[in-house]
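Trainee: Could we go through this one together? I'd like to know what stands behind each label we put on it.
Mentor: Sure, let's bring it up.

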Amino acid sequence: MKPHHGAHTSNSYIGAHIERVEDYRFLRGEGKYLDDISREGQWHAAFARSQIAHGKIRSIDVSKALAMPGVRAVITAADIEGDIPTIPFRRPNPTIGPYAQPIIARDKVRYFGEPIAMILADSPELAEDALQGVVADIEQLPVMIDCKRAMEDKSLLFDVTGSNLASIFNADKGDVDAAFASADFIIRDQLSTQRQTALPMETRGLLAEWDAKNGKLTVSGAAKLPFFNRTTMAAMMNLPETAVDYIELDVGGGFGARGEFYPEDFLVAFGARKFDRPVKWIEDRREHLMAIGHSREASCDVELAFSKDGVMLGMRGDLFINIGAYVRPNGMTPVRNAAQFMSGPYRMPAIHIAAYACVTNKTPAGTYRGPGRYEGNFFIERLIDQAAAGLGVDRLEIRRRNLLTHEEMPYPLATVLPSDGRADTQCDSGDYRVCFDACVQEANWAEKSKLQGKLIDGRYHGIAIGCFIEGGASGPQENARMVLEKNGDISLFAGSSGIGQGIETILAQIAADYLEIPMERITVFHGSTNLLKKGWGSYGSRATVMGGSAVIDACKKLLALFRISAAKRLGVEPEAITIAEGVARLADGRSVPLAEVASDHLEVDGSFKNQTPTYTYGSAFAHVAVDPGTGHVDVVDYVVVDDVGRIINSMTLHGQVMGAAVQGFGSVFSEELIYNEEGQLLVGSLADYLIPTASDYPVVRCVSMEQFPSPTNPLGAKGAGEGGIIPVGGVVTNAVANALSSFGVQPKTLPLTPSRVWEMIEDARVRA
Amino acid sequence: MTVRFEVNGKAVSVDVSARTTLADCLRHELHLTGTHVGCEHGVCGACTIIVNGDAVRSCLMLAVQANGAKVTTVEGLSPEEGLSPLQTAFKTHHALQCGFCTPGMLTTIHALLSEEPNADEDRIRDVISGNLCRCTGYITIVEAAMDARASYQHSRGDKE
């Protein structure tokens, strides 16, 4: 990190360590999150949720709830005319249609926590009190919580489809059978990652307002993709798109889960419209755990083929993804991603992977940071370390031999069908050995390798290295509107949304550099649908690349108008003008500063279209120490080196990488959404769902490089918000296996809780 | 029920029901929305405020229990304009991203450093291990707290 101090000269913001403009209000307690706003006369919503994981609804009696103090109304499926609306997919495919989630259960419940009624009351307390007055008579059906059991189709979640398989994605490349036939060595394993959730610190919430006179719906509390959700809401409400606005406030974390369209989104708005009242809803934490998108519950049976000197020849096998009871808007993303990105940064000439998306009686899944990529990386990195041992090839060498080089770019990954619009993709730029070698060096592998398997002060030490790619810059487009204000300052209205990542800072930096004016003169407004005609948002690590490139377009257009305005004032042809540092100048010394043309009402629309993803890549190193008496694992050192194409803000980049890595430690060691056989979620609070705390993982070191800019965008930048989490499962588990190599322990299942690690050691001792 | 206490140096009198938590009272009645509610189970620490000098979970304390108490929230840690040394250290070290846990982190660290301005890294980690942050991974928060110690060493006793 290169901290910059003092005044910035023009073109000095991009790449620097710039403190965030958002921080001032957050630090003073002046952020405005959803629960910080209220409206006169608002009603509060609370949701009655099914306590049965699978059953036929015989009746739902709300009469007791209606009679309770402060209760204004209770909405059930009976209040919805016609078919119950289902939530549309962001990326449809031919088979998933029947599995879409209805916004409220009418005939059947399919998971513990599915909404069956909405209470509207004068206060949140009274609304919650009335939940006990909702009496649901539900006939229990057999419960399927396991993917493979569900795939036997003995009990169907959707009778109409005759199957519990919502979709099968096939990832293919080359001739995989020939590759395996010619192999000298094949490694096969069955591995799994556990069900998790993104867990933003702010729970979900919405405030919906209906303007009956103008037929207008306003929904506050938008996040991630306000424009898509506006389109969705308008269609479901049978309103023109222009009659719906999504307003973005400060957002307490996203990580893939927050901001998707959920059943409650429709119901809250439905209540506001039906009763012509503002309706506010804030999720409580227990509800959050059972209702927001889950992710990561995946298993595999996969094999890798190698030549005798460790060159990868092919990969084939099956992935089973437990997507829960419905296909949510982005529910297929982890499934198709796991299939396409499992080969990651490695040269893999032949691939056949079938990824099965099966429905079960669990909360419907969606995305969590690095969706599918984290799972796939865990699978392949575990296989590679085992292959290295089997082949007698060094763990560094086996990776270095197979990492993609600069000469091979762009490098195609497997084709994934059915196509969701992204069937084919290719790694864009880079030499993956560069980050790898830098990571080996930074980690001091040569010295640390002496510790492998050693028992020191009662703990076994182990090390490992793993490699990853991260997809970013999701298409198709982003927009940015720029206005020159009367005082000469710039207002920038971005279609990108803020989810806590610092988008106001990043976009202001980019605009300041391209306009060559101080960053303080630029104010960024973002996310809300009333700021510009159309935008996309922040998902798939896209805001910096897509939003930033749209800002560049806007800057260029604004400077072009400035040139014309200045030329008029000076009575010259525009070509005669040179613009630098916010001032238009002539060779004769005359000049017009930007502020002087403010009366011309300069306003431009910038945009950037791009369907080609960026691929940040990198390598991560872990050094762990395992206490065989307790099964506790300490992460002694963790290093991640990535190349992000171009660094916009070294401070926020490191924040993303470090924060993601620590989230990953939670994935490896402690976080798990556990269900019992009846399909009830046994995790009800943050005392049960164990995310990392401040005392758990004190060491994460990150190094970011910008040696290979992405050719896909004018910044040369690559999306970088998710990469930090992708390699954690594989590299940390391999380090644990390395530490316990004297026992022959080979972990197959995450999380590596102390009890599971202890059990693996004890089992190995018994076997020995 | 009427509860009288002092918030950020100002005497307040609030009419609340017996079951109202101090967090809800601060947020909904007194409109001090800087205090955030992240779990209502006393686990996440986002709602931490300072009551009579101690860091307290305001979601686990009833408003009526605050009768006669001196309460400080994140708003009370903020100068009229600008940032306190602790807040400045958070900004410099990038100790926040989404900002939701930040008020609880600031109050917890303020209470700690007011009592123990020489707290070492382990002590700081131990104390803020009761405050969950999903964004940062905590490393920068610890750095910020370490950096802010100097200002507490100089001004020990004049805060609150």
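**Labels and what backs them**

Mentor: Let's start in chain B, where Tyr152(B) is found in helix α6; helices are DSSP runs of H or I with at least four residues, strands are runs of E with at least two, and both are numbered from the N terminus. This is a predicted model, where local features need pLDDT of at least 70 and side-chain atom pairs count only at pLDDT 80 or more, while totals for chains, interfaces and linings use all residues. Residues are numbered from 1 along each chain as its sequence is written, and chains are lettered from A and ligands numbered from 1 in the order in which they are written.

Trainee: Why does Tyr152(B) count as buried?
Mentor: A residue is buried if 20 or more other C-beta atoms, placed from the backbone, lie within 10 Å of its own, exposed if 12 or fewer, and partly exposed in between. Tyr152(B) has 24 C-beta neighbours inside 10 Å, so it counts as buried.

Trainee: Which residues does Tyr152(B) touch, not counting those up to four places away in sequence?
Mentor: Those are Leu113(B), Ser114(B) and Pro117(B). Contact here means that the C-beta atoms, placed from the backbone, lie within 7 Å. For Tyr152(B) and Leu112(B), 40 residues apart along the chain, the C-alpha separation is 9.9 Å.

Trainee: What makes β2(B) a strand that lies largely in the open?
Mentor: The same burial count: of its six residues, zero are buried, so β2(B) is largely in the open.

Trainee: How do you know that β1 and β2 of chain B pair?
Mentor: Two strands pair if DSSP finds at least two bridges between them. Strand β1 (residues 2-7) and β2(B) have six bridges, in the antiparallel sense. One example is Val3(B), whose bridge partner in β2(B) is Val14(B). The two strands form a hairpin with two residues between them, and Asn8(B) in the turn has a positive phi of about 50°.

Trainee: And what holds paired strands together in general?
Mentor: Backbone hydrogen bonds, with the strands either parallel or antiparallel.

Trainee: Why are β2 and β4 of chain B called edge strands?
Mentor: Look at the whole sheet: five strands, open, in the order β2-β1-β5-β3-β4, with mixed pairing. β2 (10-15) and β4 (54-57) each pair on one side only. The twist averages 40° from one strand to the next, with axes fitted as lines to C-alpha atoms (for helices over the stretch in contact) and angles running from 0 to 180 degrees between N-to-C directions. α4(B) packs on this sheet, touching β3 and β4, and its direction makes about 35° with that of β3(B).

Trainee: How many bridges do β3 and β5 of chain B have?
Mentor: Two, between residues 48-51 and residues 70-72, in the antiparallel sense. Ile50(B) stands opposite Thr72(B) there.

Trainee: What makes you say that chain B agrees with a compact globule?
Mentor: The radius of gyration is taken over C-alpha atoms, and the globule rule is 2.2 Å times the number of residues to the power 0.38. For 160 residues a compact globule would be near 15 Å, and chain B has 15 Å, which agrees. Chain B has six helices and five strands, and 56% of its residues count as buried.

Trainee: How does chain A fare, and what is in it?
Mentor: Its secondary structure comes to 18 helices and 32 strands. The radius of gyration of chain A is 27 Å, close to the 27 Å that the rule gives for 768 residues, so chain A is as compact as a globular protein of that length. Buried residues make up 59% of chain A.

Trainee: Why is α16(A) described as largely enclosed?
Mentor: Of its 20 residues, 20 are buried, so the rest of the structure largely encloses it. The expected span of a helix is 1.5 Å times one less than its number of residues. For α16 (residues 650-669) that gives 28 Å, and its end C-alpha atoms are 29 Å apart, which agrees.

Trainee: Last one: how many residues of chain B are in contact with chain A?
Mentor: 42 of them, against 43 residues of chain A. The chain B side divides into 20 nonpolar, 16 polar and six charged; Ala, Val, Leu, Ile, Met, Phe, Trp, Tyr, Cys and Pro count as nonpolar, Asp, Glu, Lys and Arg as charged, and the others, Gly among them, as polar.

Terms used: Two residues are in contact if their C-beta atoms, placed from the backbone, lie within 7 Å.
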